[in-house]
Amino acid sequence: MELIKGYQAQEDLRRSFNELAGETFGLNFEDWYQNGYWREHYIPYSITDHGNVVANVSVNPIEFEIDGTEKLLVQLGTVMTKKAYRNRGLIRRIMAEIEKDYGKKADGMYLFGNDSVLQFYPKFGYRPAKEYKCEKEIRTTTPRRVIQAPMKEKKAWDRLEQAMKESSSISGFAMKNNPELILFYVTKFMQDTVYKLENEPGYIIAEEEEGTLLLQDYYFPTPKQPEEIIAAFGPDIRRAVLAYTPKDTTSWQVSEHKEEDCTLFIKGPWFENWNSHQRKFAALSHA
């Protein structure tokens, strides 16, 4: 068996990767690749057997701007092993290769694991960590002034990507230069969650449910406060939750973020003081 990485341009291997992702998670990355958004920030590290992908951990080197400083944090994801190849130490072999490539290069490494692996990742030096969300009650009489932005074709996705590149940061813990990861969501599961403000350039990604607005992210050429964006959704919104950590949390209710069957695991020097800050990885940065 052979360990290979960064092979997404090779059709046969990509097909085999997608087959395993389908078996494991019900996911297929082919359209993401064909649309031009599977780029260098999503690197499969895989074990192959006779040309077939049988185990994988994907590596996402991500630049973050954190309170004015830049850090390289490496996110791991799409951890999967074909049933017939489990309990052979294949993931351990891949994790060792990732550690060799990024252990000294990155400021920290992290991943999100489900409840079935709570005892697994600590074997590689990772530890569970908390995240914190910001929310508040909303009262506004401002008329609704957002309109849905159709996201059904590549021209629309490319316009959104350009807006991302031209926008100013809204977070004190912001992912940089990785629009392709956000476009993974927008081109697949979240095509109906993108909005525009009437007569203004820029985009908003948000989800509405029974008077609650989950604000994922927004991209405008000039800075806007989240309260301004939330108010644009009109008086029916009575509660707002941020899916990212804003630059200023003083006007927000901050509480521990708990997601069913999902735990953040961290390791590395930058994460040593993680618990002294009430931060959350933006939902759209998850891989």
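Two strands are taken as paired when DSSP finds at least two bridges between them. On that basis, strand S2 (residues 43-49) is joined to strand S1 (residues 2-5) by four bridges, in the antiparallel sense, with Lys 5 standing opposite Tyr 45 of S2. The structure is a predicted model. This briefing covers the pairing of selected strands, the nonpolar cores, the second largest pocket with helix H5, and several individual residues.

**Strand S2 and its partners**

- S2 is mostly covered, as seven of its seven residues are buried.
- Ile 43, Tyr 45, Ile 47 and Asp 49 point to one side of S2, while Pro 44, Ser 46 and Thr 48 point to the other, and all are buried.
- Besides its antiparallel pairing with S1, S2 pairs with S3 over seven bridges, also in the antiparallel sense.
- Within the pairing of S2 and S3, Ile 47 stands opposite Ala 55 of S3.
- S2 and S3 form a hairpin with two residues between the strands, and His 50 in this hairpin takes a positive phi near 55°.

**Strand S15 and its partners**

- In strand S15 (residues 263-267), five of the five residues are buried, and the strand is mostly covered.
- Thr 263, Phe 265 and Lys 267 point one way from S15, whereas Leu 264 and Ile 266 point the other way; all are buried.
- Strand S5 (residues 108-113) runs antiparallel to S15 and is joined to it by five bridges; Gly 113 has Thr 263 of S15 as its bridge partner.
- Strand S6 (residues 127-129) is likewise antiparallel to S15, with three bridges between them; here Ala 129 has Leu 264 of S15 as its bridge partner.

**Nonpolar cores**

- The largest nonpolar core holds 31 residues, of which Met 151 and Tyr 219 touch the most other members.
- Helix H1 (11-25), H4, H5 and strand S11 (203-209) each contribute at least two residues to this core.
- Another core, of 24 residues, lies apart from the largest one, and its members include Ile 47, Tyr 85, Ala 106 and Phe 265.
- Two members of that second group also belong to strands described above: Ile 47 is on S2 and Phe 265 is on S15.
- Leaving aside neighbours within four places in sequence, Met 151 is in contact with Ala 156, Trp 157, Leu 160, Val 186, Gln 191, Val 194 and Tyr 203.

**Second largest pocket and helix H5**

- The second largest pocket encloses about 510 Å³ of space.
- It is lined by 24 residues, and those closest to its centre are Met 164, Ser 167, Ala 174, Met 175 and Lys 176.
- Two or more lining residues come from each of strand S3 (52-66), helix H4 (154-166), strand S9 (173-176), helix H5 (179-186) and strand S12 (212-219).
- S9 gives the most to this lining, with four residues.
- By class, the lining comprises 13 nonpolar, seven polar and four charged residues.
- H5 is largely enclosed by the rest of the structure, because eight of its eight residues are buried.
- The buried residues of H5 are Pro 179, Glu 180, Leu 181, Ile 182, Leu 183, Phe 184, Tyr 185 and Val 186.

**Positive phi outside glycine**

- Thr 78, in strand S4, has a positive phi near 50° although the residue is not glycine.
- A relative accessible area of 12% is below the 20% limit for burial, so Thr 78 counts as buried.
- Asn 177, in the loop between S9 and H5, is another residue other than glycine with a positive phi, near 55°.
- Asn 177 has a relative accessible area of 49%, and is therefore partly exposed.

**Thr 48 and Thr 81**

- Thr 48 lies in S2 and is counted as buried because its relative accessibility is 5%.
- Leaving aside neighbours within four places in sequence, Thr 48 is in contact with Met 1, Glu 2, Ile 4, Leu 13, Val 53 and Val 54.
- Thr 81 lies in strand S4 (residues 69-81), and its relative accessibility of 12% is why it counts as buried.
- With neighbours within four places in sequence again left aside, Thr 81 is in contact with Leu 20, Val 54, Ala 55, Arg 86 and Ile 91.
- The C-alpha atoms of Thr 81 and Glu 208 are 36 Å apart, and the two residues are separated by 127 residues in sequence.

Terms used. Residues are numbered from 1 along each chain as its sequence is written. This is a predicted model: local features need pLDDT of at least 70, side-chain atom pairs count only at pLDDT 80 or more; totals for chains, interfaces and linings use all residues. Side-chain values use heavy atoms; hydrogens and water are left out. Buried means under 20% relative accessible area, exposed over 50%, partly exposed in between (1.4 Å probe, protein chains only). On a 1 Å grid over the protein atoms alone, a cavity is a set of points where a 1.4 Å probe fits but cannot get out, and a pocket is an open set with protein on both sides within 12 Å along at least five of seven lines; lining residues have an atom within 4 Å of a point. Grid points are joined across faces, edges and corners, and a volume is the space filled by probe spheres set on the points. Ala, Val, Leu, Ile, Met, Phe, Trp, Tyr, Cys and Pro count as nonpolar, Asp, Glu, Lys and Arg as charged, and the others, Gly among them, as polar. A nonpolar core is a set of buried Ala, Val, Leu, Ile, Met, Phe, Trp, Tyr and Cys residues joined through side-chain atoms within 4.5 Å. Contact means heavy atoms within 4.5 Å.
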